[in-house]
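Visitor: I'm new to reading protein structures. Could you walk me through a few features, one at a time?

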Amino acid sequence: MRVLSPKEHLGFEVGEDRRLADWPQVVGYFAHLAEASPRVRTTELGKTTEGNPLLLSIISSPDNLACIEEYRRIQLRLADPRTIAGDAEAGRLIAGGKAVVLVTCSIHATEVGGTQMSLALAHRLATSDDPDVADILQNVILLLVPSLNPDGLIKVKRWYDSTLGTRHEGVNPPFLYHKYAGHDNNRDWYMFNLAETRLVVEHCLNTWYPHIVYDIHQTRSNGMRMVLPPFVDPVEPNVDPVLESGLAVLGSAIAAELTAQGKAGVAMNVVYDAFSPSRAYPHYHGGVRVLTETAGVQIATPVEVKPEDLKAIRGEHPSRRSWNHPLPWHGGVWTLRDIVDYNLTATTACLRHASRYRDTWLRNFYHIRRRAVAHQSKTVAYIVPRRQADLCTADEMVDVLRAAQVEVHEAQRPFEADGAAYRAGDRVVLLAQPNGQFAKAMLETQRYPDMRMYPGGPPKPPYDVTAHSLPIQMGVRVVEVRSPFHADLRPMTGTSRLSSAGVAGRLLPLEEGGMKVGVNPHPATITPILAFPPQGRRDSSTVTSFYFLGAETNASVRLVTRLLERGVPVERLQTLVNIGGATHPAGTYVVAAEGDAAHMALDLASEHGLVLEPLVALPDSPRMRLRVPRIGVYQSYMPSTEEGWTRFVLEEYGFSYESLKNEDMQRGKLADRFDIVVLPHQAPRQIERGHTHGTYPSRYTGGLGEAGAEALGGFLKGGGTLVAWDGAALYVIEHLGLPVTNVLADVPKSEFYAPGSLLEVELDTAHPAAYGMPPRAAVMFLDSPAFEVVGGQVVARYTSTEPLLSGWLVGPERLYGRTAMVVVDVGPGRAVLMGFRPHFRAQARGTYRLLFNSLLWSVARG
C-alpha cells in the first residue's frame, strides 16, 4: 500500500492558512500510516476525559519495531541499576539500546501547530530515504503523541470554523479547551487528576522512561518566534545536574539548527524556569523535558506583526540581538505554516541529536539512575504514619507517589527511626531508589530563592507557583528521617489506584489493622427507622439505628453526598458530644438508616474506607439536618481554569451543580433555583465586564454587569449562600458593599509578595464552615487578598508569627493576624469569602472541606 501524504489525506497542505486537520482526520491518518508503513505502529492509549481516543504512534526502523519489546526491556533495565550486575553488563545494555524520545503535541488546544506538524513529521519519517532519516530510524525510538488534548482540538476546530469570514475570525474560544483544567492541563503532571495525564504517564513515561520528552507549545505572537531551553533559574533542587547540562546542550543544538536554516527570532534561556514539577515529570525519572514555545497566530489565521508591535516582556527582548538570541525577527506576516516549519525543524533537530549522541543519552541516563539509587543527602526516608487526621487523603498521597513509580514500603512490625516510635502498617518511602528524587521533591518543604529583577529591586516573578509539597497542601502528616534505621519492611504491591485502569473514586483498602473497615461488627443491632425523631421530642428508650461519621476526612463528604442522594437522612452535631468516653466534635455527621438502607450505608462506608460508628440512641444535643444542596457555579465567557477545577472537584465528591452563565445570573430570582452560588476565582474586572463589545459575537461579550450584581444581592436577601474566593471575593466585596477590606490592595510587591505559596492559618473549628478541620492548616496563597473585617464571622486567620510553610513570601508581617476566611451575614443570607484557593488544581486537598462545609451549611437546618 502506498503511503499517502497529509495533503492527499486531508485535501489541503499541513499549515495552510485557515485550514485545520480535525481530530478524526488525525486519527485516520495515523491509522493509515500504521497500515501502509512498516516504520509506524499506532495504538490507542485509552479514552480522553470526554471519550475520544488518545493516540500513540511508535516510529522507528522496521528492524527496531520487530524487536520493540526487547528495546523496552533494555531501557527498563537501565532505569533500575539494581537489576544490572556491573559496569560491563551496563555497557552491553547501553550498546544494544536505543535513544527513546517522546514528542507530545498541543496540550493547549488553541496552540494547534504541534498537532498539525505531527502529520508532516510522521509522513517524512515513514517515507523518506534521506540518510539523516535513516540514522534517526536506526538509533531512535520515537514515541509520538499527536495531541495531548484531542477533546480540545475538536472544540477549537469547531469554534474556529464558526468564526471564519467574520470580524471575530481566530479569536480564542469563550470556553475552556479542556473540560476541567483548561490551560492548567499541563500542570497536572505530579497529581495525575486527568485521564490524559494518567494515560501518558502510565503508557509512555513509566513504560519507556524516555531520555528526551519534547513538549510542543505556542506563545504570544508579538514576542520571540521560538523559545527553547536552557531554562532560566531557579531549577528545582532535586533535578540531577547532568540533566540540566544535557538539556542546555540539546536546547542549544536545536537553536543552532534553526538559526542555521535562517529561522529568525529563536531564543534560549528566557521566561521559563524548571522549578515546578507540575510540568516536568521526566526530570525526576532520568530524562529531560524540552519545552519549545513558538509564536502563535489567531488559531490558523495569519497575523501581521509590525516592528513596533514586538514587546519586551518577562525577560524577552525580541528586537535585541544577544548571545541567546543571535538572529532577531523584525516583524512581518506570521502564519500557521511558519509555526509548522519551525516545529518540524526543531523536532527533527532534536531527533538528530538523539540519534547522533545515542550512547551519551543512554550512558547519562544509566548514571543518573545509579546516583538516584545511591542517594546521598541529609534525608534518608519519609514515613507516612497510619495515624492521620485524614487517613483517606494520606492514602491518596501514597497513591500519587506510587503512580509515579515510587517504591513505598509497609512496616511489618513496630520500629524506631530518629528516636521516634512507629507502628506496623506505617508507610515508608526510602529515598535510595530509582525514583527517589521525585518522592523527595514531592514530600519535602520548598524554600524558593529570593529572586529579584535586579539587586535591591522588586521580586522576579516565577513562571509557576513556588510551593508543591504534597504533605503540606494535602494536610497529611509525614516525618522526615535523617539517620539510617532498621525496620522490617514489605513493598506495597499492585498498581496505584491512579492508574488509567483505576477507579475515579480512589477507593481505599478494606483492611486496617486486621479488621474490615466500615463493616458493622454487630449487624444484629441494625433496627429499621424512618427518619430522625424531631429535635426536642427524642425518645431515648426507643432502640434505633444511628451512626456517627467523623468529619475529619474528605472521603466522609463523598459518602455523605451519596447517602443524601439516596434519601438517607444525615445530620451534623452542632456541639461537642461525649459518649462512653469517646469525644465527637461539632460537625460530626449523624446518619440514620433503616433495613436495607443501613446495609447500603455500611457498604458505602466500607467502599470509601470509612467507619460508621453504631449508636443505640441519639444524644440529646443540637443538630443540623442536611439535604442535597442546589448548587450554581458561575461560568464566565472569559474562561477560568479555577471554575473548571471547581467543577472537577464537585463531581469527584458527588455534588450536583448547574453552570450559570451571565444571562442566567442576570435573570434573577436565584433563590428560587439555588441554595448556594459559587463564584470561583477570577479577576473582578472579568466578572463585571467580560469581553469588550465588538471583540466577540454579542452573546459572549459583557460580564455580570449591574443586573448580575443586583441578582446576587437579591439572592443573599432571599436567604441564599454565596461562596467566593480570591478575585471573585474582591468582586463580591466591591459590588455588594460588604464591610470587608483587602489590606494588601495598595501594597507594592517589593513590600509583600506571595506568588503561589503555602501559608499557615488558624481555624475556628467550632464554626460550621470549618467543621472537621484541624486547628491549623495550610492554604494556597497565590497573589491573594487578606481581609480586615467589621462585624463578620472570622473562620480562618493568619498566624501572628511567620506564616510561610513552603514557597516564597516577602513581607510576612503584612499578614500577621489578618483574616483569611470570613462569613458576612447579609439579611437572611450569607457571603462566605476566602482569600486563598481552597482546591487549587485539585491539589490543595487539605482545604477542600472549607468549600464542602460551605456547600452543606447552605442547606443545614437546626
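Guide: Happy to! Keep in mind that this is a predicted model. Let's start with cysteines.

Visitor: OK, how many disulfides are there here?

Guide: The general idea: a disulfide is a covalent bond between the sulfur atoms of two cysteines. In this model the count is 0. Take Cys-204: the nearest cysteine sulfur belongs to Cys-105 and sits 12 Å away, while a disulfide needs the sulfurs within 2.5 Å.

Visitor: And is Cys-204 buried or exposed?

Guide: Cys-204 is buried, because its relative accessible area is 0% and buried means under 20%. Cys-392 counts as buried too, at 5%.

Visitor: Let's do a helix. What span should helix α18 have?

Guide: First the general idea: an α-helix has 3.6 residues a turn, so residues three or four places apart point the same way. Now the case: α18 covers residues 641-652, and at 1.5 Å a residue its 12 residues should span 16 Å. The C-alpha atoms at its ends are 16 Å apart, so the two values agree.

Visitor: How many residues of α18 are buried?

Guide: 10 of its 12, so the helix is mostly covered. Among them are Trp-645, Phe-648 and Leu-650, and also Glu-642 and Arg-647. After α18 comes Gly-654, with a positive phi near 80 degrees.

Visitor: Which residues other than glycine have a positive phi?

Guide: Most residues other than glycine have a negative phi, and most peptide bonds are trans. Two to look up here are Val-271, with phi near 70 degrees, and Arg-314, at about 50 degrees. Val-271 lies in the loop between β8 and β9 and is buried at 13% relative accessibility. Arg-314 is in the loop between β11 and β12, and is partly exposed at 42%.

Visitor: You mentioned trans bonds. Where can I find a cis one?

Guide: Look between Pro-229 and Pro-230, where omega is about 10 degrees. Pro-230 is in the loop between β6 and β7. Another cis bond runs from Asp-233 to Pro-234, with omega near 5 degrees; Pro-234 is in strand β7 itself.

Visitor: One last stop: what does Asn-853 touch?

Guide: Asn-853 is in helix α24, and it is buried, with a relative accessible area of 2%. Leaving out residues up to four places away in sequence, it touches Arg-572, Pro-768, Ala-769, Ala-770 and Tyr-771. With Arg-572 there is also a polar contact of 2.9 Å between the side chains.

Notes: Residues numbered from 1 in each chain as written. Heavy atoms only, no water. Buried < 20%, exposed > 50% of the residue type's maximum accessible area, 1.4 Å probe, protein only. Helix = DSSP H or I, 4+ residues; strand = E, 2+ residues; numbered from the N terminus. Polar contact = N/O pair within 3.5 Å; in protein donor to acceptor, adjacent residues only side chain to side chain. Contact = heavy atoms within 4.5 Å. Expected span 1.5 Å × (residues − 1).
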